[in-house]
Amino acid sequence: MSMRTPLGKVLGAGSAKDGTAHWWAQRVTAAALLVLGAWFLWSLLQLDSLDYADFVSWIGAPFSSVMLLLLAVTLSYHSSLGVQVVIEDYVQGSMTKVISLILNKFFHYFLAAAALVAVLRIALGDGA
Amino acid sequence: MNNAGRPLSPHLTVYRWPITMTLSILHRMSGVALSAGLIVLVLWLDSAARGANSYRDFTDLMQSALGRLLLVAWSFAFFFHLANGVRHLVWDAGYGFEKHQARVSAWFVIIATILLTAAYWLAL
């Protein structure tokens with residue numbers, strides 16, 4: 001006989017209370033970053049130089065700007081998932097922990113947004 | 001709830017430190033280091049968006065001795081996290097859980113990390 005409530009069975013959230021969503025998102029973003037990360041490092045090798053003109057014309061090219069946007073979002077998401085676990089494991093005290101977790105989310109959203117704006121400013125030619 | 005004084009069961013300190021434990025904590029440490037590296041990556045993109053002068057300021061900073069050291073360290077952390085991440089994905093798929101397999105894959109990750117880091121900087 002199971003002691004679990006019918007609602008608990010349907011939600012399938014387990015003792016962590018959020019099911020497998022975090023675990024699964026971490027794995028999917030990891031797989032995506034294998035491709036995006038390899039592309040990023042490979043692209044840097046292909047550049048003639050890292051001078052301003054070469055770097056900006058690379059970012060502004062349609063394919064690289066799309067890939068950089070994906071990289072920025074996926075990297076920020078994966079990073080926020082990882083730092084979240086570190087906070088959950090090491091930060092003591094429920095109030096400190098909750099505040100740290102929220103600040104972690106805010107900061108990673110900020111990083112993603114900043115990266116998106118930077119890439120778009122270059123790609124869409126903000127006089128750069 | 002005050003648990004400060006309660007006795008704890010023996011934890012990590014009772015084991016002879018195996019290579020798999022080293023890689024486990026290094027995965028977390030390299031992940032945190034790469035999160036810090038993400039900030040620098042965003043600053044790099046942002047400096048380019050601000051124009052040639054701020055881009056040159058940024059690249060000058062990263063080409064200093066400390067900047068280069070950090071870049072090498074971040075590339076090492078990246079390749080380690082990548083190689084060990086693949087090891088984790090293989091485990092998640094249900095393979096490689098035997099102790100000897102975990103030890104072999106640990107050394108494979110270490111060698112791959114060193115080779116990839118060296119190869120990248122030689123190619124750059």
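Two residues count as in contact if their C-beta atoms, placed from the backbone, lie within 7 Å. We're working with a predicted model, where local features need pLDDT of at least 70, side-chain atom pairs count only at pLDDT 80 or more, and totals for chains, interfaces and linings use all residues. Residues are numbered from 1 along each chain as its sequence is written, while chains are lettered from A and ligands numbered from 1 in the order in which they are written.

**Exercise 1.** Work out which helices of chain B supply the side that touches chain A.

*Solution.* Start with the totals: chain B puts 23 residues into the contact and chain A puts in 25. Next, the helices, which are DSSP runs of H or I with at least four residues, numbered from the N terminus. On chain B's side, α1 (19–50), α2 (52–62), α3 (65–92) and α4 (99–123) each give at least two residues. The largest share, 11 residues, comes from α1(B). Finally, sort chain B's side by type: 14 nonpolar, 5 polar and 4 charged. Here Ala, Val, Leu, Ile, Met, Phe, Trp, Tyr, Cys and Pro are nonpolar, Asp, Glu, Lys and Arg are charged, and the others, Gly among them, are polar.

**Exercise 2.** Check the length of α1(B) and find what covers its buried residues.

*Solution.* The expected span of a helix is 1.5 Å times one less than its number of residues. For the 32 residues of α1(B) that gives 46 Å, and the end C-alpha atoms are 45 Å apart, so the two agree. Now for burial: a residue is buried if 20 or more other C-beta atoms lie within 10 Å of its own, exposed if 12 or fewer, and partly exposed in between. Among the buried residues of α1(B) are B:Leu34, B:Leu38 and B:Val42. The cover includes α3, α4 and α5 of chain A, together with α2, α3 and α4 of chain B. Just after α1(B) comes B:Gly51, with a positive phi near 120°.

**Exercise 3.** Decide whether B:Ala73 is buried, exposed or partly exposed.

*Solution.* First place B:Ala73: it sits in helix α3 of chain B. Then count: 14 other C-beta atoms lie within 10 Å, so B:Ala73 is partly exposed. The C-alpha atoms of B:Ala73 and B:Leu34 are separated by 9.6 Å, with their positions 39 residues apart along the chain.

**Exercise 4.** Find which residues of α3(A) meet α5(A).

*Solution.* From α3(A), take A:Val56, A:Ile59 and A:Gly60; they meet A:Val119, A:Ile122 and A:Ala123 in α5(A). By type, this contact has 5 nonpolar residues, 1 polar and no charged.
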